[in-house]
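Visitor: I have a structure open and would like to go through it with you. Can we start with how its contacts are spread along the sequence?

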Amino acid sequence: MAGTNKKKIDAINLFTRIYNHLEEGADISEHDIICFRKMSQKMLVDLDYKESSELANIVAKCLKEMDVAPNLRGNAYLSYAIQLVYCNEDYIGNITSMLYPDVAKRFNTKPQSVERCIRNAIENCWETNSSKEDDPEIIITIFGDDFYRQKPKNSHFISAIAEYIKLHI
């Protein structure tokens, strides 16, 4: 069983490396790159349930510690978006063309709704935490002491949490 997980992760890394190589100028059509991206995304979805469940739990814990309201639709969208970025960093450079549509497809909604709900969840989190006397430790760790100055954009918020999870957990 453990060997199977290793093979899937190695295959994902291989797909990612090939995809990055193709984007760097290999002679291949845009259509082939899009098809390859779809295949690699299917590989990500094929992660064992236990691994994806563990990642989902870690992301949920981070969002809870940051006081992202669990009753907001943006919380679920954020959680899934962070998991996608954790597995494939290409999403960050293509947030409106790849990330929002893939999250929207998963939740059967529109990409514009995903963007708006994520933005609302981040704003809610920022307002909640800026009114507290003590700063949540996880926000200080991820965004620094001066996180009150400006609410991060959706892509920065998502990528910062994904990077934090990669480095610290």
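Guide: This is a predicted model. Among contacts in the protein chain between residues at least 6 apart in sequence, 65% join residues at least 24 apart.

Visitor: Which helices and strands are there, and how many of each?

Guide: The protein chain has nine helices and zero strands. Read from the N terminus, the order is α-α-α-α-α-α-α-α-α.

Visitor: What share of the residues is buried?

Guide: Of the 169 residues of the protein chain, 39% count as buried.

Visitor: Which residues touch the most other members of the largest nonpolar core?

Guide: Met-66, Leu-78 and Phe-157 do, in a core of 40 residues. At least two residues of this core come from each of α3 (49-65), α4 (73-87), α6 (95-107), α7 (111-130), α8 (137-143) and α9 (154-168). In soluble globular proteins, nonpolar side chains tend to be buried together.

Visitor: Take Leu-78. What does it touch, leaving out residues up to four places away in sequence?

Guide: Leu-78 touches Leu-63, Val-68, Ile-118, Ala-121, Ile-122, Phe-157 and Ile-158.

Visitor: Is α4, where Leu-78 sits, largely enclosed or not, and why?

Guide: Eleven of the 15 residues of α4 are buried, so this helix is largely enclosed by the rest of the structure. The buried residues of α4 are Gly-74, Asn-75, Tyr-77, Leu-78, Ser-79, Tyr-80, Ala-81, Ile-82, Gln-83, Leu-84 and Val-85.

Visitor: What span should α4 have, and what does the model give?

Guide: At 1.5 Å a residue, α4 should span 21 Å, and its end C-alpha atoms are 22 Å apart, which agrees.

Visitor: There's a serine in that list. Is Ser-79 buried or exposed, and by what value?

Guide: Ser-79 is buried, because its relative accessible area is 12% and the cut-off for buried is under 20%. Leaving aside neighbours within four places in sequence, Ser-79 is in contact with Val-59 and Leu-63.

Visitor: How far is Ser-79 from Lys-61?

Guide: Lys-61 and Ser-79 are 18 residues apart in sequence, and their C-alpha atoms are 9.9 Å apart in space. Lys-61 is in helix α3. With a relative accessible area of 53%, Lys-61 is exposed, whereas Ser-79 is buried.

Visitor: New topic, α7. Which of its residues are buried?

Guide: In α7 the buried residues are Ser-113, Val-114, Cys-117, Ile-118, Ala-121, Ile-122, Cys-125, Trp-126 and Asn-129.

Visitor: What covers them?

Guide: The cover over the buried residues of α7 includes α4, α6, α8 and α9.

Visitor: And how far does α7 reach?

Guide: From first C-alpha to last, the 20 residues of α7 reach 28 Å, close to the 28 Å expected at 1.5 Å a residue.

Visitor: At what angle do α7 and α9 pack?

Guide: They pack at about 70 degrees, with their axes 10 Å apart. That makes α7 roughly perpendicular to α9.

Visitor: Which residues meet there?

Guide: From α7, Glu-115, Ile-118, Arg-119, Ile-122 and Trp-126 meet Asn-154, Phe-157 and Ile-158 in α9. Phe-157 is also one of the residues that touch the most other members of the core.

Visitor: Back to the cysteines in α7. How many disulfides are found?

Guide: A search of the whole structure finds zero disulfides. Cys-117 is buried at a relative accessible area of 9%, and Cys-125 is buried at 0%.

Visitor: What about α6, which residues are buried there?

Guide: Ile-95, Met-98, Leu-99, Tyr-100, Asp-102, Val-103 and Ala-104 are the buried residues of α6.

Visitor: What follows α6?

Guide: Asn-108 follows α6, with a positive phi near 55 degrees. Most residues other than glycine have a negative phi. Asn-108 lies in the loop between α6 and α7 and counts as exposed, because its relative accessibility is 72%.

Visitor: What is the phi of Asp-67?

Guide: Asp-67 has a positive phi of about 65 degrees, although it is not a glycine.

Visitor: Where is Asp-67 found?

Guide: Asp-67 is in the loop between α3 and α4. At 25% relative accessibility Asp-67 counts as partly exposed.

Note on methods:
Residues are numbered from 1 along each chain as its sequence is written. This is a predicted model: local features need pLDDT of at least 70, side-chain atom pairs count only at pLDDT 80 or more; totals for chains, interfaces and linings use all residues. Side-chain values use heavy atoms; hydrogens and water are left out. A nonpolar core is a set of buried Ala, Val, Leu, Ile, Met, Phe, Trp, Tyr and Cys residues joined through side-chain atoms within 4.5 Å. Buried means under 20% relative accessible area, exposed over 50%, partly exposed in between (1.4 Å probe, protein chains only). Helices (H or I, at least four residues) and strands (E, at least two) are DSSP runs, numbered from the N terminus. Contact means heavy atoms within 4.5 Å. The expected span of a helix is 1.5 Å times one less than its number of residues. A disulfide is a pair of cysteine sulfur atoms within 2.5 Å. Axes are lines fitted to C-alpha atoms, for helices over the stretch in contact, and angles run from 0 to 180 degrees between N-to-C directions. Angles under 35 degrees count as roughly parallel, over 145 as roughly antiparallel, 65 to 115 as roughly perpendicular and the rest as oblique.
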